[in-house]
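Colleague: I'm new to this one, so could you walk me through it with a few questions and answers? Let's bring it up first.

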Amino acid sequence: MSVKNWKQQSLLGGASVWETSLSNGLTLLVSPMASSPVVAVQVWYAVGSGHEDPKATGVAHFLEHMMFKGTALHAEGEFDRIMERMGAHGGTNAFTSKDYTAYVVEVPASRLKDALRLEADRMRNLVLDADSLERERGVILDEKLRSLSDPESLRSDSLLAQVYKDTSMAWPILGTEEHLKAMSPRILSDFYTRHYQPGGAAVVVVGGVDPDEALRATDETFGSLRGSRGLEPLPPRQVQEGRHCFKADVALPRLDICFEAEGISAEEGLLMSKQLSGSEDALLDREFVLKGRAQDVSAWHFEAPKRRGAIFVISITLPEGEDPERMERDVIQLLEGYRDLPDNSLQSLKVAMQCQASAMIERPEDRASFLGQKWVYGEPFPMEIPFDPPTVVRLVSNLPSRRRFVHLTTPS
Amino acid sequence: MSGIIIERGGGLPVAKVRWIVPSGSVQDPRASEGLTSCAWLSTTRGGRTWSRAQLASQWGGICRGLVLRAHDFDAEMRADVPLDRLTSFAKQWRAVIDDCDPPPQELELLIRDLRGDFALDFEQPESRAAALCRRVLWSGDPMGNFPDGSPASLKGLHGDVMARRRKELHGCGGLLGIAGDVPDETLAVLQQEMGVPERHPDFFSMARGIAPQGHRLGLWHDATQEQASVSLQWSTGRPEAGELMNLRLAEMLLCSEFSSVLSTEFRQRSGLTYGIHGSHRLHPGGGVFQLRFSTDGAIGPRMLGEVLGALDAFARHLGSFKITDRSGLQRVAQIPWEGQILEDCRLKALNSLPFLVATESDRVARRMEQLQFGTMGTDIEKRARLLKEATPESVVRAAQWLFERQNMAVAVVDNLAERKAGYLALEQWSVVHEDGASLCGLN
């Protein structure tokens with residue numbers, strides 16, 4: 001078997017993860033769930049829209065669609081048909097982000113090798129012909145139209161375009177209509193050949209499977225694939241400072257305050273978001289939602305934890321009559337004045353993190369996605385979510401001193 | 001413990017708790033739609049002893065993800081609770097119900113929140129199309145109520161009406177489902193404090209004669225839309241339990257999977273839509289079939305015409321291999337569904353059975369569905385046997401029953417300035433509602 005040694009680590013909630021790589025550079029992550037009759041199989045490629053050429057935006061997402069077309073071994077439509085016949089739960093799926101593209105499926109545990117065989121086939125043998133591209137162009141243009149009709153999607157695209165102006169993070173994952181109309185087999189093929197390599201990918205297997213069995217199946221299906229390239233570096237990020245007002249067909253105004261989040265780990269970001277929002281006793285909910293000054297509040301940590309250009313975002317939907325500028329001032333003031341965690345908040349945060357840890361690992365697909373993201377960002381797998389109240393207080397109260405961008409979406 | 005459904009064995013330190021009360025928004029008068037939801041949600045908005053903020057703080061130390069929601073036929077509460085907090089959780093629920101008496105300003109805020117949520121939900125054209133279709137299909141019937149009310153109905157709700165409804169809801173028992181390694185002594189506390197009856201409630205007592213309005217078209221003009229969002233719904237009545245697997249196969253064949261006939265035709269082969277998806281949902285009184293898609297507005301009428309033709313092909317010509325009179329549907333009618341495709345669906349359905357019971361939460365959900373909707377619960381062997389016994393003839397019968405669209409309603413959200421005529425010309429609609437916004441209580 002062309003593999004290196006296993007590295008076994010403990011994971012949240014007493015679970016474990018086994019990691020190794022094949023000689024071609026492909027990473028394998030396995031997390032067994034002894035009692036589960038099913039298995040989540042995910043292939044993560046460390047390439048997303050942030051790796052695109054500014055003259056051909058949307059190629060990562062377009063390629064994600066084309067990966068469900070034919071290969072040299074399987075005619076168009078066969079991939080879905082075979083996966084569904086195997087019992088793929090909820091069918092097959094994939095998603096593209098700024099930094100990565102992931103292909104996800106769940107099958108009965110006995111079908112693991114069959115699923116891996118299909119994934120390995122499309123990693124190497126994809127056929128990108130003009131006819132199928134043309135049909136898929138219609139589907140993707142329709143998806144683009146949907147996003148243009150969706151105020152939430154427009155808001156999110158505008159937010160990232162402004163925060164990451166002049167970088168590859170600025171353009172929408174779907175690409176521009178102009179570039180979608182100009183997409184060709186050649187552009188897709190170049191991207192595929194360059195980025196869809198074993199060394200730039202991880203296979204994640206979670207569920208009712210023994211690690212050695214998963215390793216044998218992965219080696220037999222992916223082991224013979226050759227490829228020279230390793231991981232691409234993450235796209236560079238640079239957070240702008242400033243503010244922008246965006247008009248859209250929204251029902252209520254939405255205020256997004258984005259703070260540069262360099263140095264904040266994923267787990268710290270999670271603690272901060274739980275302390276700030278997500279339940280009625282969280283800091284921002286208590287101060288603004290319960291007092292009728294906000295329709296809803298959320299706080300979230302956007303991708304690339306710890307790295308320069310990562311952001312921590314506070315989003316507030318404002319009811320009629322609430323002044324956005326006053327809200328912004330009051331949020332900043334609240335964060336600046338945040339000095340300690342009272343006993344009841346401490347208990348609440350403990351409960352929140354306990355429940356969050358369970359939710360991350362309870363279902364095979366959630367655990368697999370968690371592991372896949374950790375792999376993309378080169379982060380250690382946590383045994384537990386570190387619970388350190390003074391750190392949470394410090395990080396939250398220091399947010400206002402960080403570089404920030406304020407984005408306001410108002411009804412047009 | 002017969003009133004509690006529990007599944008143990010996950011080994012996690014957190015239990016998932018779900019409490020459902022057999023009373024829902026179909027019991028709201030149309031002028032007061034949203035009443036059940038307001039009454040149920042007001043449970044956490046404060047009482048004689050505690051303010052809402054104090055309550056929030058207490059709940060925060062006990063559980064996470066506390067959600068209260070009213071649906072058509074039930075009111076639901078769910079939460080994730082660390083095992084060592086379950087006893088506190090039960091006692092807190094009892095104390096909150098006993099003390100519940102939200103001040104008027106909290107009820108005003110609750111209504112404003114629901115109006116805001118309505119507005120946010122209706123930003124999405126697909127959501128608007130689905131809501132309008134429901135309204136058109138169940139015109140004049142409480143099944144057409146929006147569980148969380150509409151801006152028009154929410155204006156008229158008052159505290160005393162909510163208090164009466166809240167008392168009814170808290171007095172009619174319920175069904176408690178728990179996924180987690182909960183010891184028996186804790187279950188006893190839950191049963192006592194939450195008032196879980198010894199017997200499971202009878203959800204079917206709410207089933208009654210429902211009256212869908214067929215062959216109706218609802219239109220919602222939105223000048224900002226470049227895309228047509230289309231929703232089709234019809235009432236199917238109540239299926240026999242033994243027919244559920246035939247229905248599942250017919251549904252998979254037509255529209256519930258990526259490789260189904262409609263998805264293959266309209267997405268993969270024609271590139272006309274990002275997605276077309278349909279599903280059959282059961283409720284205690286029967287079932288509703290829903291089909292939805294969106295497409296470039298310019299081709300919306302044409303695609304809807306083809307989808308209607310496909311439904312006809314399934315309901316009327318399935319098995320006879322006749323080519324329909326719509327040229328775009330020739331391939332649909334020619335698909336040799338009796339052979340390989342039916343076998344594909346059967347394999348898919350058989351192989352996906354383990355997912356129905358993969359986790360403790362899944363098993364609790366199946367058992368609760370069985371009591372609410374008369375499904376087969378966790379009996380995977382019975383499902384497998386029925387799937388294996390299905391024949392082309394039995395699936396044809398199920399398809400004819402499932403895709404009979406005489407009680408169908410269609411709703412379209414689009415910039416209709418130039419395209420309305422295309423939709424009007426498609427069928428002999430019995431009624432056309434041209435002001436979707438008013439019909440949904442937006443004005």
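Colleague: Which residues are linked with B:Arg267 in a network of salt bridges?

Modeller: Keep in mind that this is a predicted model. One link in the network crosses between the chains: A:Glu136 pairs with B:Arg267, with their closest N and O atoms 3.4 Å apart. The other members come from chain A too, so to speak in one breath, the partners of B:Arg267 in the network are A:Lys69, A:Glu76, A:Arg135 and A:Glu136.

Colleague: And how many salt bridges does the rule find across the interface of chain B and chain A?

Modeller: The pair A:Glu136 and B:Arg267 has its closest N and O atoms 3.4 Å apart, and a salt bridge needs such atoms within 4 Å, so this pair counts. Over all chains the search finds 59 salt bridges. Across the interface of chain B and chain A, the number is 8.

Colleague: Which residues of chain B lose the most area to chain A?

Modeller: Chain A puts 61 residues into the contact and chain B puts in 59. Between them the two chains bury about 5100 Å², with 52% of that on carbon and sulfur atoms. Three residues together make up 16% of what the chain B side buries, and they are B:Arg64, B:Tyr274 and B:Phe355.

Colleague: Which helix of chain B gives the most to the side that touches chain A?

Modeller: There are 29 residue pairs in polar contact between chain B and chain A. The side of chain B that touches chain A divides into 19 nonpolar, 20 polar and 20 charged residues. With 8 residues, the top contributor on that side is helix H4, residues 104-121.

Colleague: Is helix H10 of chain B buried or exposed, and how many of its residues are buried?

Modeller: This helix covers residues 261-269 and is largely enclosed by the rest of the structure. Its buried residues include B:Val261, B:Leu262, B:Phe266 and B:Arg267. Just after the helix, B:Gly271 takes a positive phi of about 65°. As for H10 of chain B itself, it is buried for the most part, and the count is 8 of the 9 residues.

Colleague: What does A:Gly292 touch, leaving out residues up to four places away in sequence?

Modeller: A:Gly292 sits in the loop between helix H10 (283-289) and S10 of chain A. Its relative accessibility is 11%, and buried means under 20%, so A:Gly292 counts as buried. Its contacts come from both chains: A:Pro319, B:Leu109 and B:Arg112.

Colleague: Which residue forms a salt bridge with B:Glu7?

Modeller: B:Glu7 is in strand S1 (residues 4-7) of chain B, and its partner is in helix H15 (residues 360-373), 360 residues apart in the chain. B:Glu7 is buried at 15% relative accessible area, whereas the partner is partly exposed at 26%. The closest N and O atoms are 3.0 Å apart, and the partner is B:Arg367.

Colleague: Is A:Asp166 buried or exposed?

Modeller: Most residues other than glycine have a negative phi. A:Asp166 has a positive one, about 65°, although it is not a glycine. Its place is the loop between helix H5 (151-163) and helix H6 (177-182) of chain A. Its relative accessibility is 76%, and the cut-off is over 50%, so A:Asp166 is exposed.

Colleague: Then what about A:Glu303, buried or exposed?

Modeller: A:Glu303 also has a positive phi, near 40°. You'll find A:Glu303 in the loop between strand S10 (296-302) and strand S11 (311-317) of chain A. With a relative accessible area of 14%, under the 20% cut-off, A:Glu303 is therefore buried.

Colleague: Last one: how many disulfides are there over all chains?

Modeller: Take A:Cys245, whose nearest cysteine sulfur, that of A:Cys258, is 14 Å away. A disulfide needs the sulfur atoms within 2.5 Å, so A:Cys245 is in none. A:Cys245 is partly exposed at 46% relative accessible area, while A:Cys258 is buried at 0%. Over all chains, the count of disulfides comes to 0.

Definitions and conventions
Residues are numbered from 1 along each chain as its sequence is written. Chains are lettered from A and ligands numbered from 1 in the order in which they are written. This is a predicted model: local features need pLDDT of at least 70, side-chain atom pairs count only at pLDDT 80 or more; totals for chains, interfaces and linings use all residues. Side-chain values use heavy atoms; hydrogens and water are left out. Contact means heavy atoms within 4.5 Å. Buried area is the accessible area (1.4 Å probe) that two parts lose on being put together, summed over both. A salt bridge is a side-chain nitrogen of Lys or Arg within 4 Å of a carboxyl oxygen of Asp or Glu. A polar contact is a pair of N or O atoms within 3.5 Å; within protein, one must be able to donate a hydrogen and the other to accept it, and residues adjacent in sequence count only if both atoms are side-chain atoms. Helices (H or I, at least four residues) and strands (E, at least two) are DSSP runs, numbered from the N terminus. Ala, Val, Leu, Ile, Met, Phe, Trp, Tyr, Cys and Pro count as nonpolar, Asp, Glu, Lys and Arg as charged, and the others, Gly among them, as polar. Buried means under 20% relative accessible area, exposed over 50%, partly exposed in between (1.4 Å probe, protein chains only).
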